[in-house]
Amino acid sequence: IDLPGAIVERFELARKVTQVDVDTWHYEYAIRNMNSDRSARAFAVDFSDGTPIANVGFKDVDHHSGEVYATTDWTPSVDAPNGTVSWSTETFATNVNANALRWATLFNFWFDADAPPTDAVHTLELFKPGSPASVSFTMPLFADGFQSHNLTAWSAAVP
């Protein structure tokens, strides 16, 4: 996930989706702030309206050795009518030392949803003020079978 600007600021995102039963999938995300000084303060996944979401979890790193940054876990939120699950920390305006996803740090997010990994919209909201305030994207990012583990779909034309 690249932020527009003269200097590219990048977040790396990995996702693993496991089908639990006929209509439930377990989603796991790892988001790493590769080099963004603006950091991130929220992550959301938006499915079709009414998608049931459960078993929401979060894992971050604890700061140590006198770091001033908060270690408060991001607050999860499930908006069932809109099919959205999200996590967030305080805003920069509220607390400049909030537990933002800072440079060279990785946070994990997970949940179960009764929706396959198709057209969900993902949003990463940035911590420090600036433009853009957030970046949105859809997955799968691959259209060559990689997402479904169909490695025979790879070709020389699609590296």
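**Note on the strand pairings, core and contacts**

1. In the pairing of β6 with β7, T75 has S88 of β7 as its bridge partner, a reading that applies to a predicted model. The two strands run antiparallel and are joined by five bridges. Together, β6 and β7 make a hairpin with four residues between them, and G83, which sits in the turn, has a positive phi of about 65°.

2. The hairpin belongs to a wider arrangement, an open sheet of five strands in the order β6-β7-β4-β9-β10, with antiparallel pairing. Because β6 (75-79) and β10 each have a single partner strand, they stand at the edges, and one side of each is left without a neighbour in the sheet. On average, and with direction ignored, neighbouring strands of this sheet are turned by 15° against each other. As general background, strands of a sheet pair through backbone hydrogen bonds, in either the parallel or the antiparallel sense.

3. Within this sheet, β4 and β9 are paired in the antiparallel sense through six bridges, and A40 is placed opposite L126 of β9. Two further antiparallel pairings involve β8. Nine bridges connect β3 with β8, and here R32 has L106 of β8 as its bridge partner. Between β5 and β8 there are five bridges, with W110 of β8 as the bridge partner of G57.

4. Which residues touch the most other members of the largest nonpolar core? They are F43, F47, F109 and F111, in a core that has 28 residues. The elements that contribute two or more residues to this core are β2 (9-21), β3 (24-33), β4 (40-46), β5 (53-59), β7 (84-88), β8 (105-113), β9 (121-126) and β10 (134-138).

5. F43 deserves a separate look, with residues up to four places away in sequence left out of the count. The residues that F43 then touches are L13, Y29, I31, W74, V85, S86, W87, F109, H122, T123 and L124. One of them, F109, is itself among the core residues that touch the most other members.

6. R41, buried or exposed? This residue of strand β4 counts as buried because its relative accessibility is 12%, which lies under the 20% limit for that class. The side chain of R41 reaches two backbone oxygens, that of T89 at 2.3 Å and that of E90 at 3.4 Å. When neighbours within four places in sequence are left aside, R41 is in contact with W74, W87, S88, T89, E90, T91, E125, L126 and F127. Among these contacts is S88, the residue named above as the bridge partner of T75, and also L126, which A40 stands opposite.

7. The last point concerns G50, in the loop that lies between β4 and β5. With a relative accessibility of 47%, G50 counts as partly exposed, because that class covers values between 20% and 50%. Apart from neighbours within four places in sequence, the residues in contact with G50 are A80, P81, N82 and G83. G50 and G83 are separated by 33 residues in sequence, yet in space they are 5.0 Å apart, C-alpha to C-alpha. The contacts of this loop residue thus include G83, the residue with positive phi in the turn of the β6 and β7 hairpin.

Key. Residues are numbered from 1 along each chain as its sequence is written. This is a predicted model: local features need pLDDT of at least 70, side-chain atom pairs count only at pLDDT 80 or more; totals for chains, interfaces and linings use all residues. Side-chain values use heavy atoms; hydrogens and water are left out. A nonpolar core is a set of buried Ala, Val, Leu, Ile, Met, Phe, Trp, Tyr and Cys residues joined through side-chain atoms within 4.5 Å. Buried means under 20% relative accessible area, exposed over 50%, partly exposed in between (1.4 Å probe, protein chains only). Contact means heavy atoms within 4.5 Å. Two strands pair if DSSP finds at least two bridges between them. Axes are lines fitted to C-alpha atoms, for helices over the stretch in contact, and angles run from 0 to 180 degrees between N-to-C directions. A polar contact is a pair of N or O atoms within 3.5 Å; within protein, one must be able to donate a hydrogen and the other to accept it, and residues adjacent in sequence count only if both atoms are side-chain atoms.
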